[in-house]
Amino acid sequence: MNDLAGKHIVLGLTGGIACYKAAELCRALVKEGATVQVVMTQAAEQFITPVTMQALSNRTVYGSQWDAREPNNMPHINLSREADAILLAPCSADFMAKLVQGRADDLLSLMCLARPMDTVPLLIAPAMNREMWAHPATRRNVAQLVSDGTTVFDVGTGDQACGETGDGRMLEPNELLDDLIAFFQPKTMLGQHVLVTAGPTYEAIDPVRGITNLSSGKMGFAIARAAREAGAQVTLVAGPVSLATPRGVHRVDVRSARDMLHAVQEKAAAATVFIATAAVADWRPAHAADQKIKKDGSGATPQLSFVENPDILAAMAQSSRGQSRALYCVGFAAESEDLLANAQAKRLRKGVPLLVGNIGPATFGQDDNALLLVDESGARELARDSKLSLARKLIADTATRMSARG
Ligand code: CTP
């Protein structure tokens, strides 16, 4: 995707066993299009060599404020001035304490203190033993760093290098990459709570068989991610799909259309936006058998009859109508032909302000898509692109519509 194209990141390493993850992180940042300048403390060099980081970043690594390679001998100024962000990963407990006190007795802390605060954000990925992370001194330092404008990423939980188990390990490189990409996205949805449905539903015929469809859930998951990146609180109600939950998104797994309706009704009270991307099965077997339906040897086929499933989107649009704090509802339409006409008709039928049309067979399971945004004044096309790029555009568009609504 090259989500970090054009970004220059100063990656600072401090002393901790999580330095081994910084190598992978550096590589991931470069793969995503960033240029990376590595700065290491002496303690970090006990855990990983500058040679490794130089090879991965393709740049000379800095470690000393007395580095004579800089013509003015001021690496702490020169290195920070061109950065779009300084990311400390791992950031040790000791280094956090240094930042809090504004100490500047090595190149990395000196550079953090000397950076232009308005243009060069400081982000830290803490990494330490669970007792250190829980210690009141560290708690105080985290709070102080946040109030000083530092972005403090979460820590992971689980097995630690010391053999203990708990909170404090550094996030995995792919998690940090996602958090950094999110950091740079415009915060158009701050204060909003976005509820998204995604994926297919599964309607049981018997305990081992059912009816479903080819929806992969990718578009809905991309929308959940984009909404989170834009600063919203996000709840994702997902049908049976095997996709990873986007960072920071609350996920509720469901199976059938009725399960999905119940989950949506429960979560809708707190939501301000509802985006229905799920390919909900229109019908379900009237009776799901308690036991597996067996062949009886006669060649007779089971006689299935169907009943219609509840229309989740239409129900939410209807129940929020006339409310003082109406839920802004966005529908999707998966069509096989006549996209514009079908999407326009579906928008009116569902009673929603915005309906997003796409050609089902051309998008199910794919990583890219093309969207047609249909509202009361006409239609606008979002040209073929990755689902994540389209999701970001749709979220920005929805935010504009919501602020126009007041
Ligand atoms: N939808 C829903 N509940 C349903 C059916 C659809 O919430 N029981 C939502 C979908 O999530 C989507 C929109 O309604 O946002 C349109 O879904 P689609 O399957 O395209 O339309 P249908 O209403 O099923 O109409 P048809 O199958 O006749 O095209």
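In this predicted model, strand 16 gives the largest share of the shell around the ligand, contributing four residues. Strand 16 spans residues 328-335, and two further elements, helix 12 (312-320) and helix 13 (339-350), also give two or more residues to this shell. The ligand is surrounded by 15 residues, of which Ala 276, Ala 278, Asp 282, Lys 346 and Lys 350 come nearest. The space that the ligand takes is the second largest pocket.

Three polar contacts of the ligand can be described, each to one of its oxygen atoms. In the side chain of Asp 282, an N or O atom is 2.7 Å from a ligand oxygen. The side chain of Lys 346 likewise places an N or O atom 2.6 Å from an oxygen atom of the ligand. At Phe 332, by contrast, the atom concerned belongs to the backbone: a backbone N or O atom lies 2.8 Å from a ligand oxygen. On its own, the ligand has 570 Å² of accessible area, and the protein covers 79% of this area.

Charged side chains are also paired within the protein, and the structure holds 25 salt bridges. One of them joins Lys 21 to Glu 172, with the closest N and O atoms 3.0 Å apart. Lys 21 belongs to helix 1, whereas Glu 172 is found in the loop between strand 7 (165-169) and helix 9 (173-184), so this pair ties together parts of the protein that are 151 residues apart in sequence.

A nonpolar patch lies on the surface, with an area of about 350 Å². Ile 17, Tyr 20 and Phe 47 make up this patch. Of these residues, Ile 17 is placed in the loop that runs between strand 1 (8-13) and helix 1 (19-31).

Two features of the backbone were also noted. The peptide bond that leads from Ala 89 to Pro 90 is cis, and its omega angle is near 5°. Pro 90 itself is part of strand 3, which comprises residues 85-91. The second feature concerns Asn 73, a residue other than glycine with a positive phi, the value being near 60°. Asn 73 is located in the loop between helix 3 (50-57) and helix 4 (75-81).

Definitions and conventions. Residues numbered from 1 in each chain as written. Predicted model: local features only at pLDDT ≥ 70, side-chain atom pairs only at ≥ 80, totals over all residues. Heavy atoms only, no water. Patch = residues over 30% accessible without salt bridge, like charges linked within 9 Å, V, L, I, M, F, W, Y side chains within 5 Å. Areas by Shrake-Rupley, 256 points an atom, 1.4 Å probe, with all protein chains shown as cover. Salt bridge = Lys/Arg side-chain N within 4 Å of Asp/Glu carboxyl O. Near = heavy atom within 4 Å. Polar contact = N/O pair within 3.5 Å; in protein donor to acceptor, adjacent residues only side chain to side chain. 1 Å grid on protein atoms, 1.4 Å probe; cavity = no way out; pocket = protein on both sides within 12 Å on 5 of 7 lines; lining within 4 Å. Sits in = over half its atoms within 2 Å of the grid points.
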